[in-house]
Amino acid sequence: MAVLLYADCGIEKGKWMKNARIRIAEKQDAEKLLEIYAHYVENTAVTFEYRVPGLQEFTERISRVLERYPYIVAEREGKIIGYAYAGTFKERAAYDWAVETTVYVQEDRKRSGAGRELYEGLEKLLALQNIQNLNACIAFQEEEDSYLTHDSVRFHEHLGYRLVGKFYQCGYKGGRWYDMVWMEKHIGKHESEPQAVIPFDEVRESAAEKYGIF
C-alpha cells in the first residue's frame, strides 16, 4: 500500500532532486526499513496490516520483490530515510506491464522531499523494464482523523496519478472502517505490440550507467 506525504510536493514538478542518494536495497537494510514501516503499522491506517512483521519475514519480502522488480532506498548523510518498491499488480499474463507501487518515508523526514525522489527513481527503473502502468492502493476516508489523512492521495495527484476506483469501508483498523482507492499513472506509450517486460536483474547495469542507481 502506498504512503506519501503532501509536504513532499514542494519540489518542482519534473525535477529529480539529488539531495538523497537513491540506491537498490540490500538484505542488511531490512532492520532499518522495518523500523520505518513499523510506525505506520502501529500508529496509522496507512497500511491495513495489523502486526509488525518479524525481521526475517520482512527480509524475505525484500528478496521476493527484487526477484522481479526494483526495491530502492533513499539515504541522506549515510542514513536510510525511506524506501520504495514495485510489486505484481495481478498474476495474469496480460497484466505484465502493470505494477503496484509502494513508498514509505521515515516519520521525521516527511518534509524532506524524499518521497518524490524515491518515486521518480522508481519510475526510471520501471521504465527500463518496459513497465507501462503504475498503480497505487491508498487507504482513504472522507473525514481525516489522527490515523489517516488525505496526504497520500494529494501527493499522488501531484505526481501525475489519477483516481480510477474506490472501495467503501473495506478495511477495519483501530476501531474504524476505512475506504480504499486506486490511483494510476501511465509511463509508457501502450503500443499495439509492446516490448516484453525485462526482469529487474537485467536492467541493473543500465540503471547504474544512466541514473547512478546501483
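**A buried helix start, a covered strand and a pocket**

Ala 30 is buried, at a relative accessible area of 1% (buried is under 20%, exposed over 50% and partly exposed in between, with a 1.4 Å probe and protein chains only). The model is a predicted one, where local features need pLDDT of at least 70 and side-chain atom pairs count only at pLDDT 80 or more, while totals for chains, interfaces and linings use all residues. Residues are numbered from 1 along each chain as its sequence is written, and side-chain values use heavy atoms, with hydrogens and water left out.

Ala 30 belongs to helix α1, residues 30–43 (helices are DSSP runs of H or I with at least four residues, strands are runs of E with at least two, and both are numbered from the N terminus). Setting aside neighbours within four places in sequence, Ala 30 is in contact with Leu 55, Phe 58, Thr 59 and Ile 62 (contact means heavy atoms within 4.5 Å). Glu 57 sits 27 residues away from Ala 30 in sequence, and the C-alpha to C-alpha separation is 9.6 Å.

Phe 58 turns up again in the largest nonpolar core, where Phe 58, Tyr 71 and Tyr 83 have the most contacts among 56 residues. Such a core is a set of buried Ala, Val, Leu, Ile, Met, Phe, Trp, Tyr and Cys residues joined through side-chain atoms within 4.5 Å. Beyond its neighbours within four places in sequence, Tyr 83 is in contact with a list of residues including Leu 33, Ile 36, Tyr 37, Phe 58, Tyr 71 and Leu 118. Thr 102, Val 103 and Tyr 104 are also among the contacts of Tyr 83.

Those three are part of β4, and this strand is largely enclosed by the rest of the structure because eight of its eight residues are buried. In a regular strand, side chains alternate between the two faces of the sheet. Both faces of β4 are covered, with Ala 98, Glu 100, Thr 102 and Tyr 104 buried on one side and Val 99, Thr 101, Val 103 and Val 105 buried on the other. β4 pairs with β3 in the antiparallel sense over seven bridges (pairing takes at least two DSSP bridges between two strands), and Val 99 is the bridge partner of Thr 88. With β5 (residues 133–140), β4 runs parallel and shares three bridges; here Ala 98 stands opposite Asn 133.

The second largest pocket has a volume of about 250 Å³. It is lined by 13 residues, and Phe 58, Arg 61, Val 65, Tyr 71 and Tyr 85 are the closest to its centre. Elements giving two or more residues to this lining are α2 (55–66), β3 (79–88) and β4 (98–105), and α2 gives the most, with four residues. On a 1 Å grid over the protein atoms alone, a pocket is an open set of points with protein on both sides within 12 Å along at least five of seven lines, and lining residues have an atom within 4 Å of a point. Points are joined across faces, edges and corners, and the volume is the space filled by probe spheres set on them.

Two loop residues other than glycine have positive phi. Glu 77, in the loop between β2 (71–76) and β3, has phi near 55° and counts as exposed at 78% relative accessibility. Asn 130, in the loop between α3 (114–128) and β5, has phi near 75° but is buried, at 15%.

Technical notes: 1 Å grid on protein atoms, 1.4 Å probe; cavity = no way out; pocket = protein on both sides within 12 Å on 5 of 7 lines; lining within 4 Å.
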